[in-house]
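Reader: I am new to this structure and should be grateful for a close look at a single part of it. Would you please take me through the metal site and the elements around it?

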Amino acid sequence: MGSMTRRAAALLTALSVLGCGATGEPSQGATGSDSGPTDTAEPGVGAPGIGDPDFPLDGNGGYDVAHYALRIGYAPARRRLDGEATIQARATQALSRFNLDLRGFTVGGVSVDGAAATFTRKGDELSVTPAEPLARGAEFAVKVAYSGTPRPVRGSSNLGTYGFIPTADGAFVTAEPNGAKTWFPGNDHPADKATFDFEITVPAGVTALANGELVSRTAAPGGGTTFTWREAHPMATYLATATMGRFTLREGRTAGGIRSLAAVDPRFSSALGELYRRSGEITDHWVTVFGPYPFSSTGGVVDDFSAGYALENQTKPMYGGFEPGESIIAHELAHQWFGNSLSIERWEDLWLNEGFATYAEWLWSEHTGGDTAAQRFKTAHARPANDPIWSYPPGDARPGDLFNESVYTRGAMTLHALRREIGDRAFFTLLKTWAAEHRHGNVTTEQFTALAERLSGKRLGSLFDAWLFQPRRPSA
Ligand SMILES: [Zn+2]
């Protein structure tokens, strides 16, 4: 995420972990779907959270999602969403019941493997009891029919609004950190990534933009249009989008041959050419710095909803109500590697997304003849001793203030301090190796620091401790 006015989160996480007996950890023993009669484990209840201590009810335990098939009908004039989500998953424990995250809506029915299931709602948790318990290792499909008016998350004033946000002509859909539940049921935490199919039906004249590639665009009964999109690479739920409205599009390929799509609300039509060209140029440049592009296309979308921020939605960064400059484009496209292909396992490691994307802004400046990264580092380090970034260690992003500027700026400073310590050659090898070894996976800070030590042959514990974990300004 990039900010016009840096937003800070104030998420309420006072709730304790409920039903902590089950976790999302895969069990040893039976694998595959043929656990059969030898699996005598008593079916249990899947945990209501995936195990992120800072966000105890985000995601769920007991299963891993492989694929979401989302059928969405949306009528902007009535703000009415009709949805049918089919979720392919695998049970990681024997399950008598499991949860999905869903906020609002009326649930019309739930089935598991075609058999009607019973369900209950509490807060943003949808608890599903299949007709028959699921064996550990079983692959299953849960289908949820739901409808109503989407309610985006409107937190405190500094949190902003996120999720499925209705606009005059459609919707602006940006869901970090946990707003996917405002438009589809799922396992809403980046630790459980999955592939996606989207089938979105909108009124005539409205364009629906989702992640990945457009598979088809067909006339729908009643005069609307159905847009079918497919994201074939694993994706965190918060990066999914179904942004709708009147859009002007430009499509093609970057000079390096990557498919690209830029789209702008008519209010920003003058920005289309620059968005398209810059996004292509920067994507191609990041390939030389970070390694092969992890997805099937690049690009960007400018909508007229004044979010005040941009989000790195997979393959289609969203810019909310402003013409993006090259620095924020460089930031959002760097996230395609760091944040999207490599997703964090828990939110406290958010600097692995934002520190890297902010450092990418510095690298882009350096590349284009502006300030060097060293100059940016020096300027930041010269901030007064009482600047808030020194008292907020970026390696432990706080749930109530997730998008603190320290996670961005001091996160980037951490990378620059590392670069100085191990030298350019090892540093840039590290960036590419990090992106390659964990492509389409999940990562932790410990994995990054271990790789940095392995590649550089240096002990870096005190450097990372000072920059990531101490509540004071490290010496330069
Ligand atoms: Zn960002």
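Author: The account below begins with the metal site, then turns to helix packing and to one strand residue. The model is a predicted one.

The zinc ion has as its protein donors Met1 (N), Met1 (O), His331 (NE2), His335 (NE2) and Glu354 (OE). These atoms lie 2.0 to 2.3 Å from the zinc ion. Along the chain, the donors follow the spacing M-x329-H-x3-H-x18-E. Within this set, His335 and Glu354 form a pair that links distant parts of the chain, 19 residues apart. His335 belongs to the loop between helix H2 (326–334) and strand E23 (343–344), whereas Glu354 is in helix H3 (residues 351–367). As to their exposure, His335 is buried, with a relative accessible area of 0%, and Glu354 is likewise buried, at 0%. Both values fall in the buried class because that class covers anything under 20% relative accessible area.

Helix H3, which carries Glu354, also packs with other helices. Two packed helices are described by the angle between their axes and the distance between the axes. For H3 and helix H6 (residues 405–437), the axes come within 8 Å and cross at roughly 70 degrees. H3 and H6 are therefore roughly perpendicular to each other, since angles of 65 to 115 degrees are counted in that way. Sorted by class, the contact of H3 with H6 has 15 nonpolar, six polar and three charged residues.

The packing of H3 with helix H1 (residues 272–290) has an angle of about 100 degrees, and the two axes are 12 Å apart. That angle makes H1 roughly perpendicular to H3. On the H1 side, the contact is made by Arg278, Glu281, Ile282, His285, Trp286, Val289 and Phe290; on the H3 side, Ala360, Leu363, Trp364 and His367 take part. By class, the contact of H1 with H3 has seven nonpolar, two polar and two charged residues.

A further residue to examine is Val302, which is placed in strand E20 (residues 297–303). Val302 is buried, with a relative accessible area of 0%. Apart from its neighbours within four places in sequence, Val302 is in contact with Phe247, Ala263, Val264, Asp265, Phe268, Leu275, Tyr319, Phe322 and Pro324. The C-alpha atom of Val302 is separated by 30 Å from that of Leu415, and these two residues are 113 residues apart along the chain.

Key:
Residues numbered from 1 in each chain as written. Predicted model: local features only at pLDDT ≥ 70, side-chain atom pairs only at ≥ 80, totals over all residues. Heavy atoms only, no water. Donors = N, O, S within 2.8 Å, 3.2 Å for Na, K, Ca; no water. Helix = DSSP H or I, 4+ residues; strand = E, 2+ residues; numbered from the N terminus. Buried < 20%, exposed > 50% of the residue type's maximum accessible area, 1.4 Å probe, protein only. Axes fitted to C-alpha atoms, helices over the stretch in contact; angles between N-to-C directions. Parallel < 35°, antiparallel > 145°, perpendicular 65-115°, else oblique. Nonpolar A, V, L, I, M, F, W, Y, C, P; charged D, E, K, R; others polar. Contact = heavy atoms within 4.5 Å.
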